[in-house]
Amino acid sequence: MYELVMMWDWLGFAIRWLHVITAIAWIGSSFYFIALDLGLRKAADLPPGAHGEEWQVHGGGFYHIRKYLVAPAEMPEHLIWFKWESYSTWLSGFALLMVVYWAGGELYLIDQSKADLSLWQGIAISAATLSIGWLVYDRLCKSGLAERPTLLMVLLFVLLVAMGWGLNQVFTGRAMMLHLGAFTATIMTANVFFIIMPNQRIVVKDLQEGRTPDAKYGKIAKLRSTHNNYLTLPVIFLMLSNHYPLAFASEYNWLIAALVFLMGVTIRHYFNTRHANAGNPTWTWLATFLLFLGVIILSTAGLEHEGDAEEEAALQGTALVMAEAAGFEEVHEIVMGRCSMCHAREPFWDGIRTAPKGVVLETERDVARRAREIYLQAGVTHAMPPANITYMEPEDRAAIRRWFRAAQM
C-alpha cells in the first residue's frame, strides 16, 4: 500500500504538470488573440469584409494577419481551430481536483468545524458548484443584459463573490480558493465549448453552403471571449493560492478572492488599453497596488488554522488508523522535536510567522491527520526539514516509514 501512496503522489504530479502545460497554451493563445484583436489597424487595400490587419515579426519572419468581423467571402482550404487548449486544461484540472480534493477529502476538502458533512456529501457539493454557477451565468448572458456588458460584468463579480462566501461555509480555506478557481475556469471553458465554438461552426457552415453568415454569432462569441480575458489572471492566483496559507487560511479568504478578481480587471484593462493604442491608463497601477494592499491586510486580520475547532473531536477514518498503528508514539515525539517549531499554530522559528502551507504538527491529532505528508516529505524523501536544519537522523526517517507501513497492513 505504501508503494501505492508514492505512485498516487506521482500521478498527482503528472496531472499537475499536464495541467500547467495546457494552461500555458490556453492562456498564451487567449492573451495573444486579445492583443491582436485590439491592435488591428485599418488599411486602404483591405478586402471586402475585412475589419483590420496587423503586421508582426517573430522568430526571424514576418506575419501579415487580417481579421474578418463575420467571415471572408470564401471558405479557406485550411482553417485552424483554437479549442483543445481550453478543453485539455479543464479536463486535466478536473482530474487533479479528483486526485487531490476528492481522494484526499478527509484532509483537504471538508472542514468539520464549519459543516458536519460526510465525504460523499462534500464531493457532491464540489461537483455541483462546477455546473450550477455556469447555468446562472449563462442565463444572465442570454438575457437582455448582453446589451449592457458593464452591468453584466458587475453581476458576474457578485456571483463569484457569493460563490466564494458560500464555499467557505463548507470547505477548508484551501478548498474554497481552489473550487472558486475551478468554478471560474468551468465558466471559461463552457464559454468555449457551448458558445464560442458552436457559433463559429454556424458561420463556417453558412459559408460552405453559400449563405451570408449572421454577424450576431460573432458578437455573442466576442462577449464571452472578453469575459474569459478578464477572468484569466484571478484563476491563476486561485490555483496557486493553495501554496500560500496567508491567502487561504484567513477568516476573510473569500474577500481576498473578491479583491483578486478586481485586480484581474485593473491589470487586464491596462494591457487591453495599451494594445488598442487607446491611451496609457497608469491609474490602474495605483488601483492594483491598493487592492493588493487590501489583500495583505485581510490576510493578517483573521488568520485561522483549519481544524482547530476539532481538536477535542474523536479521530475517524484514515487518521484513526494512523493513530492506532504501531510506532505512532515514537513518530509523534520525532515530529515534535524536528518539525513543530515551524509547523505550529504560533511558530517560534525566527522568520516564520505562519506554519508553512498551513500544515500544523503539534498534537497527536495533527500528526495522525498529516500522516501521508509526513511519510512522503520526511520518511521517503529528505524534503523536510529543509536542508535538514533540525538534524533529523536516518533512524528517525526509518521510524516514520515503519509506522506508516504498519498502518497499511
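Is Asn277 buried or exposed? In this predicted model, Asn277 is exposed, because its relative accessible area is 53%, and the residue sits in the loop between helix 9 (253-275) and helix 10. The backbone at Asn277 also deserves a look, since this residue has a positive phi of about 55 degrees although it is not a glycine.

With that residue as an entry point, the overall architecture can be laid out. The protein contains 15 helices and two strands, and along its principal axes the C-alpha trace spans about 80 × 45 × 40 Å. Of its 409 residues, 45% count as buried.

Moving from the loop of Asn277 into helix 10 (residues 283-301), the reader finds Ile297 within that helix. Ile297 counts as exposed because its relative accessibility is 53%, and this residue takes part in a nonpolar surface patch of about 680 Å², which is made by Leu286, Phe289, Leu290, Phe292, Leu293, Ile296 and Ile297.

Helix 7 (residues 216-240) can be followed along its length. Its 25 residues should span 36 Å at 1.5 Å a residue, and because the C-alpha atoms at its ends are 37 Å apart, the model agrees with that expectation. Within this helix there is nevertheless a kink of about 35 degrees at Leu231, shortly before the proline Pro234. Both Leu231 and Pro234 are buried, and the buried residues of helix 7 also include Ala221, Leu223, Arg224, His227, Asn228, Asn229, Tyr230, Thr232, Val235 and Leu238.

Toward the start of the chain, Leu46 lies in the loop between helix 1 (2-38) and strand 1 (50-58). Although it belongs to a loop, Leu46 is buried, with a relative accessible area of 18%. The C-alpha atom of Leu46 is separated by 8.3 Å from that of Arg66, a residue 20 positions away along the chain.

Charged side chains come next. Side chains of opposite charge can pair when their charged atoms come close, and the structure holds 15 salt bridges. One of them joins Asp9 to Arg372, with the closest N and O atoms 3.2 Å apart. Asp9 lies in helix 1 and Arg372 in helix 14 (residues 371-380), so this pair ties together parts that are 363 residues apart in sequence. Asp9 counts as partly exposed at 37% relative accessibility, and Arg372 likewise counts as partly exposed, at 29%.

Arg211 has two acidic partners to consider. Asp206 forms a salt bridge with Arg211 in which the closest N and O atoms are 2.7 Å apart, while Glu209 forms a salt bridge with Arg211 at a closest N and O separation of 2.5 Å. The surroundings of these residues can be set side by side: Asp206 is buried, with a relative accessible area of 10%, whereas Glu209 counts as partly exposed at 46% relative accessibility, and Arg211 counts as partly exposed at 40%. Elsewhere, Asp37, Lys67 and Lys222 are linked in a network of salt bridges.

How many disulfides does the model contain? The count comes to zero. For Cys342 the reason can be given in terms of distance, because a disulfide requires cysteine sulfur atoms within 2.5 Å, and the sulfur of Cys342 is 8.6 Å from the closest cysteine sulfur, in Cys339, which is too far for a bond. Cys342 counts as buried at 16% relative accessibility, and Cys141 also counts as buried, at 6%.

The last stop is the loop between helix 14 and helix 15 (394-408), where Pro385 is found. The peptide bond from Met384 to Pro385 is cis, with omega near -5 degrees. Ala387 is found in the loop between these helices as well, and this residue has a positive phi of about 55 degrees although it is not a glycine. Ala387 is exposed, because its relative accessible area is 80%. This returns the reader to the starting point, for Asn277 too is a non-glycine residue with a positive phi of about 55 degrees.

Terms used: Residues are numbered from 1 along each chain as its sequence is written. This is a predicted model: local features need pLDDT of at least 70, side-chain atom pairs count only at pLDDT 80 or more; totals for chains, interfaces and linings use all residues. Side-chain values use heavy atoms; hydrogens and water are left out. Patches are made of residues with over 30% relative accessible area and no salt bridge: like charges are joined within 9 Å, nonpolar side chains (Val, Leu, Ile, Met, Phe, Trp, Tyr) within 5 Å. Accessible areas come from the Shrake-Rupley method with a 1.4 Å probe; for residues, only the protein chains shown count as cover. A salt bridge is a side-chain nitrogen of Lys or Arg within 4 Å of a carboxyl oxygen of Asp or Glu. Helices (H or I, at least four residues) and strands (E, at least two) are DSSP runs, numbered from the N terminus. Buried means under 20% relative accessible area, exposed over 50%, partly exposed in between (1.4 Å probe, protein chains only). The expected span of a helix is 1.5 Å times one less than its number of residues. The bend at a residue is the angle between axes fitted to the seven residues ending there and the seven starting there.
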